[in-house]
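Here are my notes on the fold, set out point by point. Please read them with the coordinates open.

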Amino acid sequence: MTRCAIVPVIVPGYFLFNNSNATNGGYEMMRVDTKSAVMVTGATGYVAGWLVKKLLDEGFTVHAPVRDPHHPEKVKYLNQIAERAPGKIKYYKADLLDEGSYAEATIGCQVVFHTASPFKLNVTDPQKELVDPAQIGTRNVLEEVNRTPSVKRVVLTSSCAAIYGDNVDIEKTPNGILTEDIWNTSSSLNHQPYSYSKTLAEMEAWKLNKGQSRWELVTLNPSLVIGPGINPHATSESFKLVKQFGDGSLKIGAPRIGFGVVDVRDVAEAHFKAAFTPEAKGRYIISAHDTDFLAMAQTLAEKYGDRYPIPRRAMPKWLVWLVAPMVNKAMTRKIVSLNVDVPWRGDNSKSIRELGMQYRSLKESMNDFFQQLIDNGLDIMVDS
Ligand code: NAP
């Protein structure tokens with residue numbers, strides 16, 4: 001597959017990118033001023049890792065407000081990248097729930113990438129563990145942006161979860177496909193609380209953006225993100241989902257839950273393009289493949305099928321309905337009813353047309369991700 005066809009041309013202080021994927025005459029300039037800093041919240045996370053690498057490789061000074069700047073395990077992967085890159089990383093102490101804690105890190109930044117937000121499905125207090133950090137955190141970061149005149153654009157890592165709640169919602173859309181015009185109206189604190197948190201956070205961001213005229217907001221709405229992480233031990237739910245294909249928990253079969261899927265390296269590229277493509281505007285669905293859980297597993301069969309218990313058949317919906325809540329309390333019977341055997345369809349054409357996105361194959365993303373899980377010995381059981 002041809003990789004991203006963006007070619008940098010260096011002029012003093014700037015990179016000018018020739019984006020030959022652009023459909024408007026095949027040429028579009030991305031003006032990237034590497035002289036002023038950029039901020040990435042959640043830099044220690046899975047999704048942010050490749051973005052930080054890209055920014056450091058381009059020569060940016062990256063301000064990284066994190067909860068614990070002295071946590072050796074959390075910052076070591078970023079430090080390793082920074083050692084080999086022309087850019088610099090500077091850590092600051094901040095927490096999404098502490099008003100004002102992003103002030104110092106925001107100073108002097110031209111672009112703010114707000115990626116920090118918990119992505120976990122098993123929670124006991126969804127308000128405290130998901131909604132507050134997502135919604136109050138977005139408010140805190142963007143109020144700091146309001147107070148910082150250097151910031152011209154904010155790229156928010158939203159999610160397809162802010163567009164839909166359950167797969168059955170997709171069937172009710174005007175053309176049976178998710179687009180950027182659609183909002184999630186079905187999630188709540190008691191049902192799909194992660195999706196609810198992402199919806200409230202993105203709404204909060206648009207509200208704050210509309211209250212002023214200096215900074216632009218571009219939101220990226222990735223589907224399920226997979227692929228090898230810069231930090232192979234990040235807290236993201238993505239690791240737990242894919243690990244199940246090798247640890248024997250789906251040995252008798254995988255539920256056919258429809259998913260949109262995208263590679264973490266492509267998501268990083270999308271963030272970069274969203275920041276530096278002047279015309280980028282509004283929301284972007286960042287999703288490469290309309291697929292499902294079993295089809296994802298099947299991409300691993302050829303290379304790993306003889307050594308690992310890769311699921312080979314679909315688990316019937318009635319059986320998923322019966323056992324899933326006993327195995328995983330986040331997988332309620334309501335979620336099974338509304339999502340299993342219901343296909344996922346998302347329209348990624350705006351990302352291809354306006355950002356020049358090119359997406360990796362599902363097989364490449366899945367195999368690279370699974371190999372990383374094996375290399376890091378994440379308790380993957382060998383099938384006997
Ligand atoms: P992750 O690895 O768990 O990263 C979450 C990040 O948020 C971590 O850096 C974490 O910092 C930070 N964070 C959490 N609570 C915080 C708090 N109270 N204060 C400051 N920072 C806090 O998960 P991820 O998958 O990379 O998710 C990152 C973003 O991508 C989220 O906005 C998520 O909704 C979005 N997204 C993810 C996917 C996906 O499939 N993975 C899909 C669409 C959108 P610590 O290191 O200190 O814990």
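In which sense do strand 5 and strand 6 pair, and over how many bridges? The pairing is parallel, and strand 5 and strand 6 share six bridges. Keep in mind throughout that this is a predicted model.

1. **Strand 5 and strand 6.** Strand 6 covers residues 88–93. For one register point, take A64: Y91 in strand 6 stands opposite. The connection is a β-α-β unit of right-handed sense, built from strand 5, helix 2 and strand 6. Helix 2 spans residues 72–84.

2. **Strand 4 and strand 5.** Strand 4 (residues 37–41) also runs parallel to strand 5, and two bridges join them. V38 has V62 in strand 5 as its bridge partner. Here too the β-α-β unit is right-handed: strand 4, helix 1, strand 5. Helix 1 takes in residues 46–57.

3. **Burial of strand 5.** Strand 5 runs over residues 61–66, and five of its six residues are buried. The strand is therefore largely enclosed by the rest of the structure.

4. **Helix 1 against helix 8.** Helix 8 is residues 264–276. The axes of helix 1 and helix 8 lie 8 Å apart, at an angle of about 60 degrees. Angles of 35 to 65 degrees fall outside the roughly parallel and roughly perpendicular classes, so helix 1 and helix 8 count as oblique to each other. The crossing of helix 1 past helix 8 is right-handed.

5. **Residues at that contact.** Helix 1 contributes Y46, V47, W50, L51 and K54. From helix 8 they meet V264, R265, V267, A268, H271 and F272.

6. **The three-stranded sheet.** Which strands form the open sheet, and in what order? The order is 10-11-13, with mixed pairing. Strand 10 (224–226) and strand 13 (289–292) are the edges, each pairing on one side only. On average, neighbouring strands of this sheet are turned by 50 degrees against each other, direction ignored.

7. **Strand 10 with strand 11.** Strand 11 is residues 258–263. Strand 10 and strand 11 pair in parallel, over three bridges. One pair to check is I226, whose bridge partner in strand 11 is D263.

8. **Helix 14 on the sheet.** What does helix 14 touch as it packs on the sheet? Helix 14 (residues 362–375) touches strand 10, strand 11 and strand 13. The direction of helix 14 makes about 60 degrees with that of strand 10.

Note on methods
Residues numbered from 1 in each chain as written. Predicted model: local features only at pLDDT ≥ 70, side-chain atom pairs only at ≥ 80, totals over all residues. Pairing = 2+ DSSP bridges. Helix = DSSP H or I, 4+ residues; strand = E, 2+ residues; numbered from the N terminus. Axes fitted to C-alpha atoms, helices over the stretch in contact; angles between N-to-C directions. Contact = placed C-beta atoms within 7 Å. Buried ≥ 20, exposed ≤ 12 C-beta atoms within 10 Å, placed from the backbone. Right-handed = clockwise from strand over helix to strand, strands pointing away. Parallel < 35°, antiparallel > 145°, perpendicular 65-115°, else oblique. Left-handed = near helix turned anticlockwise from the far one by under 90°.
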